Amino acid sequence: MADSKLLFHLSDIHFGLVDERAIAWVEREIRERRPDMVAITGDLTMRARQREFDAATEWITRLEAPVTVDVGNHDLPYFNLIERFFDPYRRFHGMKDLVEREIVLPGLALVPLNTTARAQPRFNWSKGWVSKGALHRCLAAIDALPTGTRALVTVHHPLREVGTKGTALTHGGGHALDELAKRGALAVLSGHVHDAFDIMEQTPHGPVRMIGAGTLSQRIRSTPPSFNELHWDGEQLDVRVRNLEHVDTRAMQIDDVPEDALPPREPGEPVAPVGRVPPSDPPVY
Ligand SMILES: [Fe+2]
């Protein structure tokens, strides 16, 4: 079918603590399968160090496909607050044309929505924040798409407003979802959680599909490293979770969005059926 498209959705590669086997495999898959687009939904690095960005840039520029990259909370300068405030994307210089890049193909487009703030009026800056300006830019881009072109919106943080413990995972996420529902967005592609999911979120303006990709790093939550393969046939969007261990898609997906990206440590937090919860996180430094 003329409209059919193949998209790879990668996330949370975390150069600095990457799973080398996993990224070598993904690179090979991209070379062989030639996806029409590759979306990387943030957290390219572990601590936004220059050497981590250099490794990310080298890997991404080798990929033989159009790529767009969202900024994750791990990608803003962590130790250098002056740079964080005044030039937060400086370390992306080797791939700056790919950052928050809109990709429009006949019938299907990737439209970025930034959820990573330099600072927030709350203690935890790792959570998401949809600013008025970022939402406005995203909605204007959707409104400007050629008639009949469906939008996949790329974000780092899932647009989930209220966590189980009462704090917003993504401030402004609920309002953003409402606006995307009004425009009939095909889905919102996110990262941050390190487990895959594919759920419908209800809004007063109708449902919005939320699709999360897992991680390609050693920081696993409850599933092996993975990425999502999306097939669009012009009517249906099909999601397959790919991993090196050939675990099937259902077993790789969690059935709800947890409050944060940390591995499940408390009973009741969403865990995928594969249930690979590491006893402790790998060292970051
Ligand atoms: Fe991450």
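Which residue follows H1, and what is the sign of its phi? Arginine 34 follows H1, and its phi is positive, near 50°. The notes below concern a predicted model.

1. Arginine 34. This residue is found in the loop between H1 and strand E2 (37-40). A positive phi, near 50°, occurs here in a residue other than glycine. Most residues other than glycine have a negative phi. As for its surroundings, arginine 34 has 10 C-beta neighbours inside 10 Å and therefore counts as exposed.

2. Glutamate 100. A second positive phi in a residue other than glycine is found at glutamate 100, with a value near 45°. Glutamate 100 sits in the loop between helix H3 (81-86) and strand E4 (103-105). Is this residue buried, exposed or partly exposed? Glutamate 100 has 19 other C-beta atoms within 10 Å, so it is partly exposed; the buried class begins at 20.

3. Helix H1. The helix spans residues 20-33, which makes 14 residues. From its first C-alpha to its last it reaches 20 Å, close to the 20 Å expected at 1.5 Å a residue. Its buried residues include Ala22, Ile23 and Val26. Viewed down the axis of H1, the buried residues fall within an arc of 90°, so they line one face of the helix. An α-helix has 3.6 residues a turn, so residues three or four places apart point the same way. On the other side of H1, the exposed residues are Glu20, Arg21, Arg28, Arg31 and Glu32. The cover over the buried residues of H1 includes E1, helix H2 (50-62) and E12.

4. The open sheet. Five strands form an open sheet in the order E3-E2-E1-E12-E13, with mixed pairing. Strand E3 (67-69) and E13 are the edge strands, each pairing on one side only. Neighbouring strands of this sheet are turned by 20° against each other on average, direction ignored.

5. Strand E12 and its partners. How many of the seven residues of E12 (residues 226-232) are buried? Five are buried, so the strand is largely enclosed by the rest of the structure. Strand E1 (residues 5-10) is joined to E12 by five bridges, and the two run antiparallel. Within that pairing, lysine 5 stands opposite tryptophan 232 in E12, and leucine 6 has histidine 231 as its bridge partner. E12 is also joined to strand E13 (residues 237-243), by seven bridges, again in an antiparallel arrangement. There, serine 226 has asparagine 243 in E13 as its bridge partner. E12 and E13 form a hairpin with four residues between them. In the turn, glycine 234 has a positive phi of about 100°.

6. Serine 11. This residue lies in the loop between E1 and H1. Serine 11 is buried, with 31 other C-beta atoms within 10 Å. Leaving out residues up to four places away in sequence, serine 11 touches Ile40, Thr41, Gly42, Asp43, Gly191, Ala213, Gly214 and Thr215. Arginine 51 is 40 residues from serine 11 in sequence, and the two are 19 Å apart in space, C-alpha to C-alpha.

7. Helix H5. In H5 (residues 173-182), the buried residues include Gly173, Ala176, Leu177 and Leu180. Seen down the helix axis, the buried residues of H5 fall within an arc of 100°, so they line one face of the helix. Glycine 184 follows H5 and has a positive phi, near 65°.

8. The nonpolar core. Which members of the largest nonpolar core touch the most other members? The core has 64 residues, and those members are Leu10, Ile13, Ile40, Val153, Ala185, Val188 and Leu216. In soluble globular proteins, nonpolar side chains tend to be buried together. For valine 188, the contacts beyond four places in sequence are Val153, Val155, Leu159, Leu180, Val208 and Met210. Leu180 in that list is one of the buried residues of H5, and Val153 is itself one of the core members named above.

Key: Residues numbered from 1 in each chain as written. Predicted model: local features only at pLDDT ≥ 70, side-chain atom pairs only at ≥ 80, totals over all residues. Buried ≥ 20, exposed ≤ 12 C-beta atoms within 10 Å, placed from the backbone. Arc of directions from axis to C-beta. Core = buried A, V, L, I, M, F, W, Y, C linked by C-beta atoms within 7 Å. Contact = placed C-beta atoms within 7 Å. Pairing = 2+ DSSP bridges. Expected span 1.5 Å × (residues − 1). Axes fitted to C-alpha atoms, helices over the stretch in contact; angles between N-to-C directions.
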